[in-house]
Amino acid sequence: CTDASPGHFATTGSTQQTACAKGSYAATGGLSECAQCEGGTYQNDTGATGCRACEKGSYCEPGASRPLPCEGGSYSDKTDLSAASQCTPAAPGHIAARGSTEQTACGEGSFASGTRNEVCELCVEGSYQGAT
């Protein structure tokens with residue numbers, strides 16, 4: 001019998017090897033199953049021998065086949081997040097679009113109160129906001 005190649009597995013009685021699915025890998029040959037990518041990593045190819053680091057502005061749950069963007073109102077400049085809750089909330093006076101790697105301050109004449117804002121609101125008639 002022949003050992004399964006790295007990136008593949010073979011179960012008992014197999015007549016051929018099978019490539020590891022997206023979100024999993026086999027670092028060495030001769031395995032009967034593929035390992036799931038850990039949280040903070042992903043694999044978007046089949047037949048992989050390892051997982052990729054997650055991307056900035058995203059998180060990767062265990063077994064991820066692609067990075068998922070941080071929700072609007074949050075951001076991340078890290079590449080090892082494993083859950084949406086690990087994305088950083090935008091601070092008051094700042095916004096962050098979906099998948100952002102940093103927060104952005106609201107401009108003059110606008111504001112963002114509270115945290116996790118996606119858009120700045122314009123000051124209403126009779127009020128103003130100068131440079132911050």
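**Reasoning from numbers to names**

Trainee: What share of the contacts with a separation of 6 or more in the chain comes from residues 24 or more positions apart?

Mentor: In this predicted model, such residues account for 31% of those contacts. A contact here means heavy atoms within 4.5 Å.

Trainee: What makes Gly72 and Ala96 an example of such a contact?

Mentor: Gly72 and Ala96 are 24 residues apart in sequence, and Gly72 touches Ala96. Their C-alpha atoms are 5.9 Å apart, but a contact is judged by heavy atoms within 4.5 Å. Gly72 also touches Ala97, Arg98, Arg116 and Glu118. As for its place in the chain, Gly72 sits in the loop between β8 (68–69) and β9 (74–75).

Trainee: Why is the pair Arg52 and Asp45 called a salt bridge?

Mentor: Let's set the value against the cut-off. The closest N and O atoms of Arg52 and Asp45 are 2.5 Å apart, and the limit is 4 Å, so the pair qualifies.

Trainee: And why does the pair Asp77 and Lys78 count as a salt bridge?

Mentor: The N to O distance between Asp77 and Lys78 is 3.8 Å. That is within 4 Å, so this pair qualifies as well. The whole structure has two salt bridges.

Trainee: Are the residues in these pairs buried, partly exposed or exposed, and how do you know that?

Mentor: Buried means under 20% relative accessible area and exposed means over 50%. Arg52 has 35%, so it is partly exposed. Asp45, at 36%, is partly exposed too. Asp77 has 48% and is therefore partly exposed, and Lys78, at 47%, also counts as partly exposed. Over the chain, 26% of the 132 residues count as buried.

Trainee: How do you know whether the chain is a compact globule or not?

Mentor: Compare two radii of gyration. A compact globule of 132 residues would have one near 14 Å, but the chain has 22 Å. The C-alpha trace spans about 80 × 20 × 15 Å along its principal axes.

Trainee: How many helices and strands does the chain have?

Mentor: There are zero helices and 14 strands.

Trainee: What is the volume of the largest pocket, and what makes its lining residues polar, nonpolar or charged?

Mentor: The largest pocket has a volume of about 220 Å³. Its lining divides into four nonpolar, seven polar and one charged residue. Among the lining residues are Asp3, Leu31 and Gly30. Asp counts as charged, Leu as nonpolar and Gly as polar, so Asp3 is charged, Leu31 nonpolar and Gly30 polar.

Methods
Residues are numbered from 1 along each chain as its sequence is written. This is a predicted model: local features need pLDDT of at least 70, side-chain atom pairs count only at pLDDT 80 or more; totals for chains, interfaces and linings use all residues. Side-chain values use heavy atoms; hydrogens and water are left out. On a 1 Å grid over the protein atoms alone, a cavity is a set of points where a 1.4 Å probe fits but cannot get out, and a pocket is an open set with protein on both sides within 12 Å along at least five of seven lines; lining residues have an atom within 4 Å of a point. Grid points are joined across faces, edges and corners, and a volume is the space filled by probe spheres set on the points. A salt bridge is a side-chain nitrogen of Lys or Arg within 4 Å of a carboxyl oxygen of Asp or Glu. Buried means under 20% relative accessible area, exposed over 50%, partly exposed in between (1.4 Å probe, protein chains only). Helices (H or I, at least four residues) and strands (E, at least two) are DSSP runs, numbered from the N terminus. The radius of gyration is taken over C-alpha atoms; the globule rule is 2.2 Å times the number of residues to the power 0.38. Lists of a residue's contacts leave out its neighbours within four places in sequence.
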